[in-house]
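Subject: Structure handover

Hello,

Here is the structure I promised to pass on to you. Please have it open while you read, as my notes follow below.

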Amino acid sequence: MLVSFDTPSTLWVGAGARFRLAEEVQRLGVGRILLVTDQHLLSTGILDDFQAQCQSEHIEVNIFPQVQPDPTDENVAAGLKHLRECAAEALVAIGGGSVMDAAKIIGIAVNNPESLSAFQGYHKIPKSGLPLIAVPTTAGTGSETTKAAVITDTTRQVKMMIFDRKLLPRVSLVDYELSLSMPPQLTAHVGIDTLAHGIEAFVSRKASRMTDPLALSCIQLTARYLPMAYQEPENREAREAMALAACQGGMAFTNSSVCLVHGMSRPLGAIFHLPHGLSNAVLLPSVTRFSLRGAPARYKQIAREMDFSRDRTSDESAGEALQEGLKALNAQLGIPTLRECVRVSQSEFESYLDKMAEDALASGSPQNNPVVPSANEIRDLYRSAW
Ligand SMILES: [Fe+2]
């Protein structure tokens with residue numbers, strides 16, 4: 001089987017990776033950067049170190065601190081305006097998935113005048129953008145190693161999945177010390193996102209021998225260390241493991257794919273504004289149950305990696321144990337049910353089922369699932385997750 005595998009050119013992983021920023025900016029041969037982040041991170045003072053490094057190397061730093069959670073096309077337009085005004089030659093994204101995704105598209109938009117909706121889907125970006133250095137502060141989305149960005153189209157109320165090699169950061173600095181102050185709830189949400197990346201990359205129809213080892217390592221690390229990181233936020237071993245899991249999960253799914261969980265999760269984010277990890281978490285157990293028959297041996301292996309199936313020998317019973325284990329993990333991490341987190345009545349929720357099923361299928365992700373669902377089955381899955 002012929003496979004391709006894309007990663008950032010340079011990855012620094014481990015404590016102190018953040019201190020490589022100025023050196024890596026210099027290696028890009030640029031002297032003026034736009035640092036993209038959000039208001040919360042700006043207020044914590046986390047940027048001070050980065051600015052000091054750049055200052056001592058005479059690198060001009062401009063800051064765009066206005067990235068919103070679940071960034072929109074309007075948010076990207078504001079960042080692009082800022083980028084044009086300061087004429088930065090490279091972008092540095094310091095933050096979670098929203099910040100990294102917004103920075104990726106701001107950097108692309110400067111060289112591509114089309115409306116962002118023209119880039120939705122796979123490999124639709126005509127020209128490369130500015131070089132990007134990604135510095136994740138949460139262990140979750142894996143955006144630091146992916147060629148994907150999710151931006152909401154405010155006109156159509158659609159979370160656009162934009163996937164293109166041109167979105168890969170040139171350099172990523174994965175320093176778990178930046179995630180030590182993440183609160184438990186955010187740790188849980190982004191951690192389940194990481195787990196969903198590992199699971200979906202492994203069961204995907206596009207999985208390969210290049211992505212399998214990364215996906216399995218991601219699953220194993222998350223099963224072992226996410227509850228620990230949730231309960232003991234300052235546990236360095238757990239934070240280090242989760243940063244590695246997120247990075248490996250990103251590499252795995254971006255070279256394999258995500259599947260039905262992510263396909264169904266995006267409409268919940270676009271319409272009901274559920275955080276990405278949370279919308280994955282509420283869907284993961286029921287979508288796993290639906291998909292088991294498409295890849296029973298693979299799901300059995302996942303159940304083993306997560307230590308859910310010690311006494312279950314058949315594929316079927318291991319699959320059941322996996323689904324039960326995922327439910328128990330949600331409970332352990334304080335994840336509410338879909339009904340509890342979507343603050344609308346059941347009838348209002350159901351009025352969106354047709355749109356959500358259509359948008360999920362249009363994203364292309366469900367087509368990589370071990371069992372490819374019909375629109376009707378997707379509607380039923382939303383109902384069963386309720
Ligand atoms: Fe995700």
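**Notes on the model**

Let me start at Gly-31, which sits in the loop between helix 1 (21–28) and strand 2 (32–36). Please keep in mind throughout that this is a predicted model. Gly-31 is partly exposed, at a relative accessible area of 34%. Its C-alpha atom is separated by 9.3 Å from that of Cys-54, and the two residues are 23 apart along the chain.

On the other side of helix 1, the loop that joins strand 1 (10–13) to helix 1 holds Arg-18. With 13% relative accessibility, Arg-18 counts as buried, because the cut-off for that class is under 20%. Between the C-alpha atoms of Arg-18 and Pro-366 there are 36 Å, and along the chain the two are 348 residues apart.

**Two backbone angles to look at**

Asp-70 is not a glycine, yet it has a positive phi of about 50°. You will find Asp-70 in the loop between strand 3 (60–64) and helix 4 (73–86), and at 25% relative accessibility it counts as partly exposed.

Ala-87, also not a glycine, has a positive phi of about 55°. Ala-87 belongs to the loop between helix 4 and strand 4 (90–95). Its relative accessibility is 40%, so Ala-87 counts as partly exposed.

**The iron site**

Which residues coordinate the iron ion? They are Asp-193, through OD, and His-197, His-262 and His-276, each through NE2, at 2.1 to 2.2 Å. Along the chain these donors follow the spacing D-x3-H-x64-H-x13-H.

Helix 6 (residues 184–203) carries both Asp-193 and His-197. The two are 4 residues apart, which is about one turn of the helix. Asp-193 is buried, with a relative accessible area of 2%, and His-197 is buried too, at 2% relative accessibility.

As for geometry, the angles among the 4 donor atoms run from 84 to 168°, and the site is irregular. The site is not counted as tetrahedral, because that would need all angles to lie between 85 and 135 degrees, whereas the angles here are 84 to 168°.

**Cysteines**

How many disulfides does a search of the whole structure find? The result is 0. Two of the cysteines show why. For Cys-86, the closest cysteine sulfur is that of Cys-54, and at 13 Å it is too far for a bond, since a disulfide needs the sulfur atoms within 2.5 Å. For Cys-218, the closest cysteine sulfur belongs to Cys-247, 10.0 Å away, which is again too far for a bond. Cys-86 counts as buried at 14% relative accessibility, and Cys-218 does so at 0%.

**Cavities**

The structure holds 2 cavities of 30 Å³ or more. The largest cavity has about 50 Å³ of space. Its lining includes Pro-136, Thr-137, Glu-144, Asp-175, Tyr-176 and Ala-246. By class, the lining residues of the largest cavity are 6 nonpolar, 3 polar and 2 charged.

About 40 Å³ of space lies in the second largest cavity. Among the residues that line it are Ile-199, Glu-200, Val-203, Leu-284, Thr-288, Tyr-299 and Asn-369. Helix 6 and helix 10 are the elements that give two or more residues to this lining, and helix 10 has the largest share, with 4 residues. The lining of the second largest cavity is made up of 6 nonpolar, 3 polar and 1 charged residues.

**A pocket**

The second largest pocket contains about 280 Å³ of space. It is lined by 16 residues, and the closest to its centre are Val-282, Pro-285, Lys-327, Thr-337 and Ala-385. At least two lining residues come from each of helix 10 (276–291), helix 12 (315–332) and helix 16 (375–385). Helix 10 gives the most to the lining of this pocket, with 5 residues. In the lining of the second largest pocket, 9 residues are nonpolar, 5 are polar and 2 are charged.

Happy browsing, and all the best!

Notes:
Residues numbered from 1 in each chain as written. Predicted model: local features only at pLDDT ≥ 70, side-chain atom pairs only at ≥ 80, totals over all residues. Heavy atoms only, no water. Donors = N, O, S within 2.8 Å, 3.2 Å for Na, K, Ca; no water. Tetrahedral: all angles 85-135°; square planar, octahedral: opposite > 155°, others 65-115°. Buried < 20%, exposed > 50% of the residue type's maximum accessible area, 1.4 Å probe, protein only. 1 Å grid on protein atoms, 1.4 Å probe; cavity = no way out; pocket = protein on both sides within 12 Å on 5 of 7 lines; lining within 4 Å. Points joined across faces, edges and corners; volume = space filled by probe spheres on them. Nonpolar A, V, L, I, M, F, W, Y, C, P; charged D, E, K, R; others polar.
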